[in-house]
Amino acid sequence: MNQRCLEAMATPVITARGGEFRDVMADLNSGLRYAFNLTPSQPVKKTHSWSSEDDYKVMVVSGSGTAAMEMLIANRFRSNDLVLVPTNGKFGERVAEMCKRFCNVKHIKYEWGRAFDLYELEQQLERGCYEALLICHNETSSGITQDAPAIAEMCNRYNTSFILDGITSIGGLPVHLEKWNVEAAAMGAQKCTAGPSGIAAIAFTTKFYERCKAIREQGDSNALFYLDIISAFKKGDDDQTPWTPAINLAMGWSAALNVLKEEGLENRWNRCQSLAAGVQNLFSHLGFELPADPFQRSSTVTAIMYPEGINDQWRVDLKERYATQVIGAQDHLKGKMFRVGSMGETTKEEMIEGCKRMLECFKDHGVTIPEVDVDSFF
Ligand SMILES: Cc1ncc(COP(=O)(O)O)c(C=O)c1O
């Protein structure tokens with residue numbers, strides 16, 4: 001998080017129900033529309049800052065990205081609906097698991113890091129039995145970005161709703177909700193927008209909301225209260241939330257989104273892409289194995305397998321000796337892989353320095369690393 005975000009979070013606390021907080025919400029809504037790549041709204045209260053000329057509304061969720069996904073899924077489906085969830089990593093699998101709590105799921109599990117078989121997905125959609133197809137757009141656990149335009153095209157052809165976990169894509173790589181006709185998507189503050197953790201947002205169409213409302217009116221909705229979209233919707237036009245919001249997190253996120261606006265969304269996408277390309281080319285050049293399919297590697301996170309004989313002790317040493325943190329892997333890849341983030345506000349200089357420290361730390365652990373000009377990869 002940058003200084004502006006931190007300082008905004010340190011602002012003396014204000015009440016949730018006064019005009020001051022409505023100013024914060026309007027600014028935040030407008031920033032969210034920008035990050036979601038939607039048409040702009042004014043950052044001014046009483047101007048319906050959560051909506052604009054397109055068919056989407058944005059909504060802040062007090063909770064992390066998981067709460068935002070749960071809000072989308074729990075409100076949108078009835079227990080007898082059937083949804084299709086293809087996955088190739090931990091977070092997609094979590095989407096499938098979450099859906100199972102609220103509806104029926106056909107979970108097509110691909111190996112972590114392998115691209116979906118679009119022919120198989122098309123065969124499924126052809127059956128005409130799915131209410132929606134949900135994906136984790138950028139699979140943070142294995143470093144692969146799904147081919148969203150191709151999946152969107154199929155969903156549109158088979159008249160199936162398309163819903164995205166965009167938690168590590170929105171704000172960090174190209175996402176076109178309107179062009180792809182995405183019905184709803186979720187994002188988390190702490191990822192591509194370098195905001196605070198514990199706050200998230202959703203964007204959704206009129207069709208999405210009407211469906212949630214119809215299910216409620218038919219008395220068919222899942223058991224939920226805190227994440228009830230109908231309660232939240234009623235407060236939207238007033239730049240308000242139904243329950244006490246995460247006030248200081250909202251102030252911090254709003255400041256981070258203003259930093260994003262100043263950088264420019266496409267500039268951020270391009271910066272993340274070039275940082276990721278640098279990391280991927282450097283480590284591939286040095287002979288490390290990257291588990292994600294090369295033509296769909298993520299530009300916000302790179303997953304890299306450890307060389308023979310290295311385990312997570314390397315990460316501990318990297319943190320302690322080199323004051324540098326990368327994240328480990330999950331589930332069956334735990335201790336076998338590490339992940340390098342290139343999202344948020346990371347600069348080229350910071351990434352180059354980080355890579356140099358990683359290579360030094362591998363040398364400390366006995367890995368033979370040939371002399372290489374790290375800067376030249378970025
Ligand atoms: C793609 C993806 N989805 C969901 C989540 C969960 O988000 P949160 O931890 O903010 O609840 C993460 C977190 O890393 C993620 O990367």
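1. Helices α3 and α4 are oblique to each other, because their axes meet at about 45 degrees and angles outside the named classes (under 35 degrees roughly parallel, over 145 roughly antiparallel, 65 to 115 roughly perpendicular) count as oblique. The axes of α3 (residues 65-76) and α4 (residues 90-102) are 10 Å apart. Axes here are lines fitted to C-alpha atoms, for helices over the stretch in contact, with angles running from 0 to 180 degrees between N-to-C directions. Helices are DSSP runs of H or I with at least four residues, numbered from the N terminus.

2. A word on provenance: this is a predicted model, where local features need pLDDT of at least 70 and side-chain atom pairs count only at pLDDT 80 or more, while totals for chains, interfaces and linings use all residues. Residues are numbered from 1 along each chain as its sequence is written, and side-chain values use heavy atoms, with hydrogens and water left out.

3. Back to the first pair: α3 and α4 cross in a right-handed sense (the near helix is turned clockwise from the far one by less than a right angle; anticlockwise would be left-handed). From α3, the residues in contact (heavy atoms within 4.5 Å) are T66, M69, E70, I73 and A74, and from α4 they are R94, V95, M98, C99 and F102. Seven of these residues are nonpolar, one is polar and two are charged.

4. The next pair is α2 (residues 19-35) with α10 (residues 247-263), whose axes come within 9 Å and cross at roughly 45 degrees. This pair is therefore oblique as well, but the crossing of α2 and α10 is left-handed. Among the contact residues are F21, L28 and Y34 of α2 and M251, W253 and L257 of α10. By class, the contact has twelve nonpolar, four polar and two charged residues.

5. α10 also packs on α11 (residues 265-285), at about 90 degrees and with the axes 6 Å apart, so α10 is roughly perpendicular to α11. V259, L260 and E263 of α10 meet L265, N267, R268 and R271 of α11. That contact divides into three nonpolar, one polar and three charged residues.

6. Finally, the ligand, which you may enjoy most: 13 residues surround it (a heavy atom within 4 Å), and the closest are S64, T66, T140, D165 and K191. Polar side-chain atoms of S64 and D165 lie 2.5 Å from a ligand oxygen and 2.7 Å from a ligand nitrogen, respectively. In the side chain of K191, an N or O atom is 2.7 Å from an oxygen atom of the ligand.

How values were computed:
Helix = DSSP H or I, 4+ residues; strand = E, 2+ residues; numbered from the N terminus. Nonpolar A, V, L, I, M, F, W, Y, C, P; charged D, E, K, R; others polar. Polar contact = N/O pair within 3.5 Å; in protein donor to acceptor, adjacent residues only side chain to side chain.
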